[in-house]
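Please look over the structure shown here with attention to its bound ligand and its aromatic rings. What surrounds the ligand, and where do charged groups sit over rings?

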Amino acid sequence: MANRKYIVGNWKMNGDHAALAEAKAIAQAAAAHAGVDAALCPPATLIAPMAEAVKGFAVGGQDCHAEPKGAFTGSMSAGLLQDAGATLTIVGHSERREGFGESDAAVQAKALAAMTTGLDVILCVGEPKNVREDAEAEAYVLNQLDGSLPDVAAGRTLAVAYEPIWAIGTGLTPTADDVRVMHAAIRGKLIDRYGPELGAATRILYGGSVTGDNATELLGVDNVDGALVGGASLTAAKFVPIIEAAAAL
Ligand code: PEP
């Protein structure tokens with residue numbers, strides 16, 4: 001049975017209180033598509049006001065610390081995200097892995113902390129351009145998964161986002177066939193790791209320059225259970241068509 005589509009917006013370091021109007025418009029439109037799960041991950045400062053403004057719509061963090069509390073200046077634990085109203089968090093985004101030197105082991109610890117706290121997790125993996133050009137993308141991504149998937153039962157609470165780094169924010173996307181091959185490989189890894197039932201139920205999102213124009217094609221690929229969307233999630237005008245494309249499949 002196909003998994004429910006999951007469309008998640010990552011606002012990165014964008015969005016102040018004025019942007020709550022966009023979140024409200026997105027939540028309202030998403031409510032009309034009960035067959036699709038949608039969520040927004042705003043900056044940490046906006047989690048509580050957004051959760052308050054869009055009650056019933058999922059709001060998440062973009063990262064969390066592996067420890068529950070302590071002397072970690074500038075960091076946010078999974079429990080604090082939850083206290084602010086988050087029900088999910090992204091971990092292992094390439095901008096964290098690359099910009100903040102996060103290893104697979106660090107990402108795994110974050111995923112585990114978030115899941116045991118009760119947050120849904122979107123765990124990101126993806127290859128840089130040179131790895132794709134060297135035809136090593138699949139091995140690279142599977143290796144990242146080996147090191148960063150949490151050792152707890154997955155299923156509905158964990159999603160993996162395949163985000164080729166060279167496709168993020170560039171307007172470039174892999175071909176549908178490249179996405180199909182990579183998502184099939186990720187599915188195989190999830191089944192190896194979590195067994196046939198939970199491995200099949202763990203959603204695999206595609207991320208990297210998803211827009212209303214390419215969503216139908218990308219979301220229609222086998223084993224693409226949703227999308228992680230950056231730039232096109234910042235406004236209702238751009239994000240809602242992606243939710244609608246998922247609902248129409
Ligand atoms: C992202 O950063 O997760 C992302 C997919 O960004 P964009 O949609 O802008 O490529």
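The report below turns to the ligand and its surroundings, and then to the aromatic rings.

The model is a predicted one, and its ligand sits in the second largest pocket. Around the ligand there are 14 residues, of which Lys12, Glu163, Gly169, Ser209 and Gly230 are the closest. Sorted by class, this shell comprises four nonpolar, eight polar and two charged residues.

Oxygen atoms of the ligand have polar backbone atoms of the protein as partners in the contacts tabulated here.

| Residue | Atom of the residue | Atom of the ligand | Distance |
|---|---|---|---|
| Ser209 | backbone N or O | oxygen | 2.8 Å |
| Gly230 | backbone N or O | oxygen | 2.8 Å |
| Gly231 | polar backbone atom | oxygen | 2.9 Å |

On its own the ligand has 290 Å² of accessible area, and the protein covers 95% of that area.

As for the aromatic rings, a search of the whole structure yields one aromatic pair. Arginine side chains also meet rings: the charged end of Arg96 is placed over the ring of Phe100, at 3.8 Å from the centre of that ring, while Arg203 lies over the face of Tyr6, with a distance of 4.2 Å to the ring centre.

Conventions:
Residues are numbered from 1 along each chain as its sequence is written. This is a predicted model: local features need pLDDT of at least 70, side-chain atom pairs count only at pLDDT 80 or more; totals for chains, interfaces and linings use all residues. Side-chain values use heavy atoms; hydrogens and water are left out. Rings of Phe, Tyr and Trp (its six-membered ring) pair if their centres lie within 6.5 Å; planes under 30 degrees apart count as stacked, over 60 as edge-to-face and the rest as tilted. A charge sits over a ring if NZ of Lys or CZ of Arg is within 6 Å of the ring centre and within 35 degrees of the ring normal. A residue is near a molecule or strand if one of its heavy atoms lies within 4 Å of it. A polar contact is a pair of N or O atoms within 3.5 Å; within protein, one must be able to donate a hydrogen and the other to accept it, and residues adjacent in sequence count only if both atoms are side-chain atoms. Accessible areas come from the Shrake-Rupley method with a 1.4 Å probe; for residues, only the protein chains shown count as cover. On a 1 Å grid over the protein atoms alone, a cavity is a set of points where a 1.4 Å probe fits but cannot get out, and a pocket is an open set with protein on both sides within 12 Å along at least five of seven lines; lining residues have an atom within 4 Å of a point. A molecule sits in a cavity or pocket if more than half of its atoms lie within 2 Å of its grid points. Ala, Val, Leu, Ile, Met, Phe, Trp, Tyr, Cys and Pro count as nonpolar, Asp, Glu, Lys and Arg as charged, and the others, Gly among them, as polar.
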